[in-house]
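Me: Hi! I have a two-part model open and would love to talk through how its pieces pack. Could you help me out?

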Amino acid sequence: MKGTYLGEFEELVLLTVGILYDDAYGLAIVDELEKQTGRNVMLSSAHKALVRLEDKGYLKSKMGGATESRGGREKRLYELTHAGAKVLEQSKELRNAMWNQVPKIVWEGNSL
Amino acid sequence: MSQSTPKNAGPPNWAISFFRRFCNDHLCDAVLGDMLELYNRRFTKAGKRKADWLFIWNVIQFLQPFALKKTKKSQNSNTAAMFKNYLKVAWRSMVRQKMYTSIKIGGFALGIAACILISLFIRQELSYDNFYGNGDRIYRAYNEFASEGEVNKWTSFPAPTAGIFKADFPEVVKAGRLIPYPGWFNAGSNLFRRGDQVQNTYEEGFAYADQSLIDILQIPMVYGQTENALADPYSIVISKTVADKYFPDEDPVGKPIILNDDEKTPYKVGGVMQDFPNNTHLQYDYLITLTGLEFWEGEQTSWCCWNYNIYFELQPGTDPKELETKLLAVRDTHYVGHLEKNGDQSAEEVKKNHFFRLQPIAEVYLYSDGIHSNVETGDIQFVWLFGGVAFFVLLLACINFINLSTAKSANRAKEVGMRKVVGSFKIHLVRQFLAESTLYSLVSFLVGVLLAWIGMPFFNQLADKSLTIPWLEWWFIPTLFGSAVLVGILAGLYPAFYLSAFKPIDVLKGSLSSGSKSSRMRSIMVIFQFTTSVVLIIGTFIIYRQMQYILNKKIGFDKEHVVLIQGANTLGDRVKTLKTELASLAGVQNAAISGYLPISGTKRDGNPFWREGKSKEDKAVGAQRWYVDSDYMGTLGMKLVDGRNFIQGMAADSSSIIVNQAFVSEFGFENPVGERIQNWKPYTIIGVVEDFHFESLKGKIEPLTMVYGEWGDVVSVKVSSSDMKEVLASIKSVWDDFAPNQPMRYSFLDESYARMYEDVQTMGRVFTTFAVLAIVVACLGLFALSAYMVEQRGKEISIRIVLGASGRVIFNLLTLNFIKLVFISLLLAIPLGWYLMKSWLEDYTYRTDITWEVFALSGLMALGIAVLTISFESIKASRMNPIKSLRSE
């Protein structure tokens with residue numbers, strides 16, 4: 001598939017899918033992202049990221065959970081795949097490793 | 001917005017169905033659900049209106065590749081693959097048949113190059129004077145005098161007219177005057193120098209103008225202000241080019257300037273204007289102010305003399321036609337009043353026939369045919385002519401393409417059959433051939449643009465223009481690309497439908513041979529091509545003959561070996577001594593002083609003439625009055641048919657006059673010599689000069705008179721010696737003695753004469769070029785067709801040769817058909833050419849006859865070229881070794 005590089009927004013979407021666990025669908029992800037980051041997120045960008053992440057194999061999806069307010073339409077529910085979980089972990093480890101290499105003095109200096 | 005859902009609360013239905021149409025199945029329901037949920041949330045929060053808009057906005061946001069239907073894409077990939085295949089096949093057939101390909105593309109490219117050049121030319125012509133700030137409100141005034149079927153139009157008005165128009169009519173915001181007539185005091189050309197230098201330089205492009213004229217035109221200034229550049233008396237506005245030449249790197253405003261060495265009246269630079277752009281009919285480098293100027297006493301208020309061109313800026317929304325009728329009040333009070341005061345009999349006629357007209361400034365350049373003025377004008381007919389020629393050349397090229405494509409159809413027939421057998425529909429084949437012809441067209445456009453670029457300098461010379469290819473204009477490349485696709489599709493339509501209609505069973509069985517079905521269509525197109533070419537050849541011949549006729553016609557004077565020395569007016573009275581000294585030089589036959597010359601654009605002086613004492617009763621006869629000296633007719637070779645010439649120094653000759661034959665017949669004199677006539681003063685006719693042409697041969701010879709005067713700015717020298725160079729050198733040394741600070745300027749009478757007919761020459765050159773182009777394109781097509789026929793009938797020819805046919809029989813067999821077509825073209829082209837050229841010649845009062853040799857010659861030429869083209873392949877065929885084409889069977 002396309003490259004395995006994970007963009008910042010994509011990473012946030014992946015994490016959100018993880019947070020929402022069994023009710024991770026487009027609008028809920030937008031809401032959660034807005035709540036967590038305080039950014040304004042467009043429905044289309046969320047869906048775009050979801051499609052891309054599914055293409056990359058980090059997510060899988062199924063239909064289900066129709067409600068009245070959706071005009072009886074089903075949701076596309078997303079779920080982290082094994083690869084998705086792994087890539088998040090890798091990303092976190094990479095960050096931690098890099099954090100640890102930053103000399104303490106930098107943080108102290110900054111806090112002045 | 002329809003709201004037909006039972007749930008009245010829903011978002012607009014059309015937005016939903018639009019979304020459904022473009023969104024792919026994977027996302028459609030899920031996203032729609034999300035959007036509806038969002039919609040309902042917003043509906044309760046912000047109301048229906050806002051929710052609706054936001055819903056639509058959401059839908060639009062999903063117009064992105066990731067959300068679009070994939071089904072389309074899967075279909076696309078097939079089409080794309082097919083297109084790739086089409087292009088590949090097209091490329092292969094292009095490469096396989098190099099000759100046909102290069103003829104197809106070469107012919108096309110030639111046509112396209114011609115079209116590009118001519119389109120740029122037309123664009124330039126149409127762009128004249130349409131860039132002024134208030135352009136749609138700026139008008140030029142002209143006079144129209146219509147009597148007895150003859151309409152006379154001219155642009156000059158008396159000095160006070162502009163002021164009266166502005167004062168009397170609120171519609172006129174500004175009125176500005178211009179004197180563009182060379183020779184009118186300092187208008188035209190002058191010796192020019194800075195006030196602080198002594199060396200004079202000859203400069204051209206002077207005109208007198210009002211301050212309000214530059215206001216109207218909003219001429220941008222480099223130094224000084226438009227509002228007051230010409231406001232002071234004796235101020236002068238110079239162009240940036242001139243400023244750069246004489247005042248490099250300084251601000252010339254306020255600096256003194258001396259014209260014609262006249263230190264008593266210095267001028268002062270009032271401003272430096274941007275050069276007039278190429279596409280305006282006003283081309284001046286120096287504008288001398290009219291402020292405070294009076295050329296003689298009472299001139300500014302007198303209605304006697306018509307020398308001022310007038311430009312108006314009108315109020316927004318003024319109807320120029322309406323204003324024209326209002327302006328007539330000025331005619332009836334001021335002009336008629338002036339005539340009546342002088343007892344002029346023409347007052348009644350003026351009331352009936354004289355009108356003031358307004359012409360939008362953007363139309364001055366192209367639509368001034370028949371209006372006498374001396375500003376630069378073009379001709380809308382030229383635009384049409386050029387455009388027509390370009391169109392025909394392109395058409396010929398397209399026909400070549402169609403002809404060759406259908407002729408070569410046999411080679412493609414099997415491919416068509418095969419494609420159909422494996423499942424192509426007709427539409428696919430049409431698409432294939434259209435793609436192919438578009439490819440050809442694109443390549444041809446590429447080559448054509450290149451050709452146009454190479455041919456541009458030549459074309460500029462041809463049409464006397466300075467065009468460039470506008471590579472960087474935003475529209476240029478897209479327009480070319482668009483035209484390429486359009487032309488490709490148009491030229492490909494017929495072949496595409498023709499080729500795609502083959503029945504696979506016929507083709508594969510082999511019963512369809514040589515694409516002969518369309519041979520009638522092809523014949524018609526060949527006939528069309530050759531008819532066009534022959535008409536162009538005939539046109540070329542006749543234009544050239546008219547040119548020769550003009551240049552060699554007995555014009556009533558001898559234009560050979562006459563040197564015109566200009567700018568002699570600065571010598572003052574010493575010009576007489578100069579003349580005597582020049583006349584006494586070895587190799588010089590004669591010399592004369594006079595600014596009036598039988599070349600249009602030189603000094604003119606129209607006057608009304610009456611029989612003596614009849615100025616109050618008779619109608620005036622308009623005639624030129626030229627000041628000439630006693631050697632004038634001898635120098636220019638005019639013939640006296642009656643009476644005598646002036647005698648130098650004879651006092652009585654100050655009231656003598658010599659008239660031409662046209663003048664005599666206008667007055668109806670039986671014995672003209674001795675008759676007394678008058679304009680402002682009485683004259684006695686002492687001689688009659690044979691009619692000579694002093695204006696273009698387009699018009700007839702008008703009445704003309706000559707009176708005695710030994711002054712003027714031109715000294716004409718008739719050279720008898722054959723060594724022109726040597727004589728010129730000695731003339732120059734004499735001149736330098738007289739005017740050391742002024743380089744001698746001279747021209748030859750015959751060259752100036754030829755320059756009068758530049759438009760005919762241009763037309764001749766244009767016709768020749770495009771006739772050649774048309775023939776080349778037509779011949780390319782014919783050549784390819786004949787080569788193809790030879791190829792098709794290869795076996796037949798071989799068998800004939802084996803059975804004993806001679807080379808000549810084979811040759812006849814192959815050429816006769818084509819020659820028949822060329823003959824038919826001749827039959828069509830000759831009457832057409834005759835008719836067209838006859839109407840062209842009608843513009844000229846003096847014209848060459850159209851004789852049968854022209855047609856015979858054109859016909860022979862076309863036939864000869866056609867035969868030559870065909871025989872190349874035919875001879876090759878008749879001499880080939882039959883084994884070569886037979887052994888393979």
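Me: At what angle do α2(A) and helix α3 of chain A pack?
Reply: Happy to help! Keep in mind that this is a predicted model. In it, α2(A) and helix α3 (residues 43-56) of chain A pack at an angle of about 110°, and their axes are 9 Å apart. Since angles of 65 to 115 degrees count as roughly perpendicular, that makes α2(A) roughly perpendicular to α3(A).

Me: And which hand does the crossing of α2(A) and α3(A) have, left or right?
Reply: The crossing is right-handed.

Me: Which residues make that contact?
Reply: From α2(A) come A:Gly26, A:Leu27, A:Ile29 and A:Val30. Facing them, α3(A) contributes A:Leu43, A:Ala46, A:His47 and A:Leu50. By type, the contact of α2(A) with α3(A) has six nonpolar residues, two polar and no charged.

Me: What about α1 and α2 of chain A, how do their axes cross?
Reply: The axes of helix α1 (residues 8-20) and helix α2 (residues 26-37) of chain A come within 10 Å and cross at roughly 105°. That makes α1(A) roughly perpendicular to α2(A). On the α1(A) side, the contact is made by A:Leu12, A:Val13, A:Thr16, A:Val17, A:Ile19 and A:Leu20. On the α2(A) side, A:Ala28, A:Ile29, A:Glu32, A:Leu33 and A:Thr37 take part. Those residues divide into eight nonpolar, two polar and one charged.

Me: Switching to chain B: what is the strand order in the open sheet of four strands?
Reply: The order is β16-β24-β15-β25, with antiparallel pairing. At the edges sit β16 (588-593) and β25 (745-748) of chain B, each pairing on one side only. From one strand to the next, the twist averages 20°.

Me: How many bridges join β15 and β25 of chain B?
Reply: There are four bridges between strand β15 (residues 562-566) of chain B and β25(B), in the antiparallel sense. B:Ile565, for instance, stands opposite B:Tyr746 in β25(B).

Me: Nice. Which strands does helix α17 of chain B lie across?
Reply: Helix α17 (residues 575-583) lies across β16 and β24 (714-719) of chain B. The helix runs at about 165° to β16(B).

Me: Last topic: how many residues does each chain put into the contact between A and B?
Reply: Chain B gives 18 residues and chain A gives 17. On the chain B side, α2 (25-46) and α3 (48-61) each supply at least two residues. The largest share there, 12 residues, comes from α2(B).

Me: And what types of residue are on that chain B side?
Reply: They divide into 10 nonpolar, five polar and three charged.

Note on methods
Residues numbered from 1 in each chain as written. Chains lettered and ligands numbered in written order. Predicted model: local features only at pLDDT ≥ 70, side-chain atom pairs only at ≥ 80, totals over all residues. Axes fitted to C-alpha atoms, helices over the stretch in contact; angles between N-to-C directions. Parallel < 35°, antiparallel > 145°, perpendicular 65-115°, else oblique. Contact = placed C-beta atoms within 7 Å. Nonpolar A, V, L, I, M, F, W, Y, C, P; charged D, E, K, R; others polar. Pairing = 2+ DSSP bridges. Left-handed = near helix turned anticlockwise from the far one by under 90°.
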